[in-house]
Amino acid sequence: MSADAKAVLTTHSPEETVALGKRLALLLSPGDVLALIGPLGAGKTLLVKGIALGLAVDDPREVTSPTFVLMNIYEGKMRIHHFDAYRLKSAGQMFEIGCEDAFYGDGVSAIEWADRVSDCLPAEHIRVEIEITGKADRKIMFAGTGQRARSVIDNLSASQ
Ligand SMILES: Nc1ncnc2c1ncn2[C@@H]1O[C@H](COP(=O)(O)OP(=O)(O)O)[C@@H](O)[C@H]1O
Ligand SMILES: [Mg+2]
């Protein structure tokens, strides 16, 4: 059994958040699920852009909040499933979009506004909560249960 893993990181510019996403990407494995939580403008999408850069997605300009389409897929070294649950009313709608194929498939998944659809998340996921602490300052809190979360979170704090 592995206990909860936690790390708190801070960034002081949008570029630093993108760079953090790039570092995070290199620690991810197929099946990893990132639950992104934080208000509008927190930096959830920028973090996913960094992940896309880290996984060598051809055109990271494609990375935008999938608010209307609900899910974007980016092809890189691993496939990235990028969800935005902002407009969803329940976890049931995530199942309708096919989130299980994404979560339990070959790629990694990132869900913006994951707290709105927490019932669809696999038991083992990495919670990434972003708090706006200043105009360009963000507190980014990582937490998770299980071996995968521990490995990612421990390595992320070690490589800072
Ligand atoms: N340290 C920071 N990290 C991330 N974004 C920041 C930071 N400082 C300022 N920003 C700004 O906050 C906004 C974050 O946008 P976005 O990633 O789309 O947020 P979200 O997807 O959480 O709504 C951008 O306009 C970005 O320039
Ligand atoms: Mg967004």
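Which side chains of strand 7 point to one face and are buried, and which point to the other and are not? I took this as the opening entry and worked outward from strand 7 to the rest of the predicted model.

**Entry 1. Strand 7 and its partners**

I followed strand 7 over residues 138-144 and found that its side chains alternate. R138, I140, F142 and G144 are buried and point to one face. K139, M141 and A143 point to the other face and are not buried.

I then looked up the pairing. Strand 1, residues 5-11, pairs with strand 7 in the antiparallel sense over 7 bridges. Within strand 7, I140 is the residue that L9 stands opposite. Strand 6 is also joined to strand 7, by 7 bridges, and these two strands run antiparallel. Here I noted M141 of strand 7 as the bridge partner of E129. The connection from strand 6 to strand 7 is a hairpin through 5 residues.

**Entry 2. The chain as a whole**

I listed the secondary structure next and recorded 5 helices and 7 strands. Read from the N terminus, the order of elements is β-α-β-α-β-β-α-α-β-β-β-α. The radius of gyration is 14 Å, close to the 15 Å that the globule rule gives for 160 residues, so the chain is as compact as a globular protein of that length. I noted spans of about 40 × 35 × 30 Å for the C-alpha trace along its principal axes.

Of the 160 residues, 42% are buried. I also checked contacts between residues at least 6 apart in sequence, and 68% of these join residues at least 24 apart.

**Entry 3. The surroundings of ligand 1**

Which residues come nearest to ligand 1? I found 19 residues around ligand 1, of which T17, G43, K44, T45 and L46 come nearest. Helix 1 (14-25) and helix 2 (44-54) are the elements that give two or more residues to this shell. By residue class, I recorded 5 nonpolar, 9 polar and 5 charged residues in the shell.

**Entry 4. Helix 2**

I examined the burial of helix 2. Of its 11 residues, 10 are buried, so helix 2 is largely enclosed by the rest of the structure. The buried residues include K44, T45 and L46, which I had already listed among those nearest to ligand 1. The others on the buried list are L47, V48, K49, G50, I51, A52 and G54.

Against which elements do the buried residues of helix 2 pack? I recorded helix 1 together with strand 2 (33-37), strand 3 (71-75), strand 4 (79-84), strand 5 (108-112) and strand 6 (126-132).

**Entry 5. Two residues with positive phi**

I looked up backbone angles last. Most residues other than glycine have a negative phi. A56, although not a glycine, has a positive phi of about 60 degrees. A56 comes just after helix 2, in the loop between helix 2 and strand 3.

W113 is likewise not a glycine and has a positive phi of about 60 degrees. I located W113 in the loop between strand 5 and strand 6.

Is each of these residues buried or exposed? A56 has 12 C-beta neighbours inside 10 Å and therefore counts as exposed. W113 has 21 C-beta neighbours inside 10 Å and therefore counts as buried. The cut-offs behind this reasoning are 12 or fewer for exposed and 20 or more for buried.

Conventions. Residues numbered from 1 in each chain as written. Chains lettered and ligands numbered in written order. Predicted model: local features only at pLDDT ≥ 70, side-chain atom pairs only at ≥ 80, totals over all residues. Near = placed C-beta within 6 Å. Helix = DSSP H or I, 4+ residues; strand = E, 2+ residues; numbered from the N terminus. Nonpolar A, V, L, I, M, F, W, Y, C, P; charged D, E, K, R; others polar. Rg over C-alpha atoms; globule rule 2.2 N^0.38 Å. Contact = placed C-beta atoms within 7 Å. Pairing = 2+ DSSP bridges.
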